[in-house]
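Subject: Structure for your attention

Dear colleague,

Please find below the structure that I am handing over to you. I would be grateful if you would look through it before reading my notes.

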Protein chains: 2
Amino acid sequence: MNQLQLAKQLKVSCESCSLSDLCLPKGLSPFELEKLDDYIERPRKLEPNVQIYQPGEKFFGIYAVRTGGVKTYLTKKTGEQQILGFHLPGEIFGLDGLEHFAHRCYASTMDNTSYCVIPFERLDELCGELPELRRQIYKLFGHELNCDHAHELLLGQQTAHERLATFLLSISSRFKNRGFSPNSFMLPMSRHDIACYLGIAVETVSRLFKSFQQQGILKINRKQVDIQDMERLREMVINCEDPESF
Amino acid sequence: MNQLQLAKQLKVSCESCSLSDLCLPKGLSPFELEKLDDYIERPRKLEPNVQIYQPGEKFFGIYAVRTGGVKTYLTKKTGEQQILGFHLPGEIFGLDGLEHFAHRCYASTMDNTSYCVIPFERLDELCGELPELRRQIYKLFGHELNCDHAHELLLGQQTAHERLATFLLSISSRFKNRGFSPNSFMLPMSRHDIACYLGIAVETVSRLFKSFQQQGILKINRKQVDIQDMERLREMVINCEDPESF
DNA sequence: ATCCGCAAATGACATGGGTCAAATGTTGAA
DNA sequence: TTCAACATTTGACCCATGTCATTTGCGGAT
């Protein structure tokens with residue numbers, strides 16, 4: 001096998017990627033997809049708890065998670081962090097770099113993780129030619145914004161148990177969308193990260209998991225979650241927003 | 001004066017708008033500006049507490065505040081709202097509609113307010129031709145996202161007095177950017193709205209204003225704020241983020 | 001001016017969830 | 001297998017804020 005063939009094999013192909021209908025290429029025509037495909041870097045692999053970027057670092061492109069999980073977060077000088085989002089396979093991150101073409105937050109892996117990088121300059125050039133790609137970018141962007149808005153509602157107005165319920169429903173529906181069971185899944189993040197995302201203390205997360213379990217709403221063993229009463233979980237969250245849609 | 005001249009006079013001109021260096025057109029060439037200008041609707045005027053859009057409503061375009069002030073918010077079924085952002089003259093809102101081409105949150109005036117609407121379909125067409133306009137849009141997107149991230153940090157990790165200090169610094173620097181005094185300004189929103197934005201109770205806002213005043217940090221009379229010790233205010237907020245840049 | 005209605009401030013009290021400390025699990029390295 | 005380091009759980013205590021009730025103040029209408 002010569003170099004060329006090898007390179008071709010190694011090259012990531014969006015078309016063949018099992019996540020392509022969840023990721024950026026969703027809705028693009030084969031022609032458009034091929035053009036985009038040429039630009040995407042081969043997946044990178046990282047171990048758990050490795051930093052991908054930090055504030056001030058140059059923005060190169062949009063990241064797409066293939067396997068594992070990534071968290072994005074800000075920190076206070078005193079060290080506390082606020083996790084902004086968890087990014088599961090098929091989801092993207094890195095848009096925080098768009099304002100100044102430099103990142104504003106941190107991104108780290110939570111697990112063994114592989115991801116693609118879509119170089120932004122190339123993507124932007126393509127956007128000039130492909131209206132459908134532009135639309136896809138807008139959608140992606142609007143989705144990020146709406147996720148952040150839902151997170152603000154959670155942080156500003158929900159009680160601790162509402163927050164945890166909202167969180168579980170969100171993870172559940174994201175697994176479901178990806179074809180996995182919505183009732184039984186493995187959380188990719190630590191208790192500490194959950195607490196940090198929800199703006200509550202780790203101890204509170206522990207106590208709430210115990211309480212949910214005692215009420216027969218779920219079974220939990222380390223990171224394995226089994227939702228036993230989805231309806232009760234939904235009743236705990238009474239926003240005007242439909243959590244399914246985030 | 002014939003109809004045509006009248007129409008031309010009424011037509012809003014970005015070029016002549018005093019806010020143009022804060023708003024979308026910032027950084028566009030005169031040629032690009034003129035093309036964009038043709039599409040922008042004349043400013044609309046509304047009284048205080050009028051709803052501009054609500055969840056589910058079709059997304060027509062990006063809104064730019066000319067005078068007054070606008071708040072965007074989500075609500076829980078129980079009625080509590082979470083204010084997502086305050087939008088002052090020269091600032092934009094409405095990007096929550098990008099995901100599904102329908103809005104996901106509410107937008108209401110807080111004051112007598114006038115605003116422009118930039119029809120999105122036209123804007124998008126122009127984006128195909130004008131790379132510099134695309135870049136401007138990305139910057140806008142990124143800025144919105146970063147503002148929301150800072151808000152999440154505030155809601156998740158800051159104490160009540162840190163929140164109020166952060167809020168005052170943000171408003172102050174936004175007035176400053178617009179050429180007004182950073183030390184003396186009129187808040188366009190009610191105590192209730194401040195509380196709702198900060199995720200705390202109205203009563204807490206009252207008490208904190210009193211406490212800040214007793215400490216000689218500021219003077220406050222209804223909506224008139226005079227910051228007397230900006231440094232102390234800054235010391236109260238110890239994030240890794242520079243609040244000036246939001 | 002006076003009155004009305006709403007916004008803001010104030011006081012008294014209650015509590016959700018934070019903090020601290022200790023115990024218990026879990027994992028990975030040697 | 002054992003140990004060390006770290007994650008998670010549990011318990012006891014308490015404080016920053018929320019809640020509720022009342023008062024005060026302002027601004028618009030008459």
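The notes that follow describe how the chains meet and how they approach the DNA.

Please bear in mind throughout that this is a predicted model.

**How the two protein chains are related**

A rotation of 180 degrees, with 0.0 Å of shift along its axis, places chain B on chain A with an RMSD of 0.0 Å. This is the relation of a two-fold axis. Within chain B, the residue whose C-alpha lies nearest the axis is B:Gly128, at 2.2 Å from it. In general, two copies of a chain are related by a rotation about an axis and a shift along it.

**The interface between chain A and chain B**

In the contact between the chains, 50 residues of chain B meet 50 residues of chain A. The interface residues of chain B are, to 100%, also interface residues in chain A, so the copies meet through the same surface.

The size of an interface is often given as the accessible area lost when the parts come together. Here chain B and chain A bury about 4,900 Å² between them, and 56% of it is on carbon and sulfur atoms.

Turning to individual interactions, there are 4 salt bridges between chain B and chain A. One of these joins the side chains of A:Lys76 and B:Glu162, with 3.1 Å from N to O. Between the two chains, 22 residue pairs are in polar contact, counting pairs in which both residues have pLDDT 80 or more.

Which elements of chain B give two or more residues to the side that touches chain A? They are strand S4 (70-75), strand S5 (81-87), helix H3 (120-129) and helix H4 (131-157) of chain B. The largest share comes from H4(B), which provides 19 residues. Sorted by class, this side of chain B has 17 nonpolar, 17 polar and 16 charged residues.

**DNA strand C**

There are 17 residues around DNA strand C, and those that come nearest are A:Ala160, A:Ala201, A:Thr204, A:Arg207 and B:Ser206. Of the strand C atoms within 4 Å of the protein, 69% belong to sugar or phosphate, and the rest belong to bases.

Several contacts reach phosphate oxygens of this strand. A backbone N or O atom of A:Ala160 lies 2.9 Å from one, and a backbone N or O atom of A:Ala201 also lies 2.9 Å from a phosphate oxygen. For B:Ser206, an N or O atom in the side chain is 2.6 Å from a phosphate oxygen of strand C.

The helix that gives the most to the surface near strand C is H7(B), with 4 residues. By class, that surface has 3 nonpolar, 6 polar and 8 charged residues.

**DNA strand D**

Around DNA strand D there are 17 residues, of which A:Ser206, B:Ala160, B:Glu203, B:Thr204 and B:Arg207 come nearest. Sugar or phosphate accounts for 67% of the strand D atoms within 4 Å of the protein, and bases for the rest.

Where does a polar side-chain atom of A:Arg207 lie? This atom is 3.0 Å from a base nitrogen of DNA strand D. Phosphate oxygens of strand D are approached by an N or O atom in the side chain of A:Arg191, at 3.1 Å, and by a polar backbone atom of B:Ala160, at 2.9 Å.

For this strand, H7(A) gives the most to the nearby surface, with 4 residues. By class, the surface near strand D has 3 nonpolar, 6 polar and 8 charged residues.

Yours sincerely

Notes
Residues are numbered from 1 along each chain as its sequence is written. Chains are lettered from A and ligands numbered from 1 in the order in which they are written. This is a predicted model: local features need pLDDT of at least 70, side-chain atom pairs count only at pLDDT 80 or more; totals for chains, interfaces and linings use all residues. Side-chain values use heavy atoms; hydrogens and water are left out. A residue is near a molecule or strand if one of its heavy atoms lies within 4 Å of it. A polar contact is a pair of N or O atoms within 3.5 Å; within protein, one must be able to donate a hydrogen and the other to accept it, and residues adjacent in sequence count only if both atoms are side-chain atoms. Ala, Val, Leu, Ile, Met, Phe, Trp, Tyr, Cys and Pro count as nonpolar, Asp, Glu, Lys and Arg as charged, and the others, Gly among them, as polar. Contact means heavy atoms within 4.5 Å. Buried area is the accessible area (1.4 Å probe) that two parts lose on being put together, summed over both. Copies are superposed by least squares on the C-alpha atoms of residues with pLDDT of at least 70 in both.
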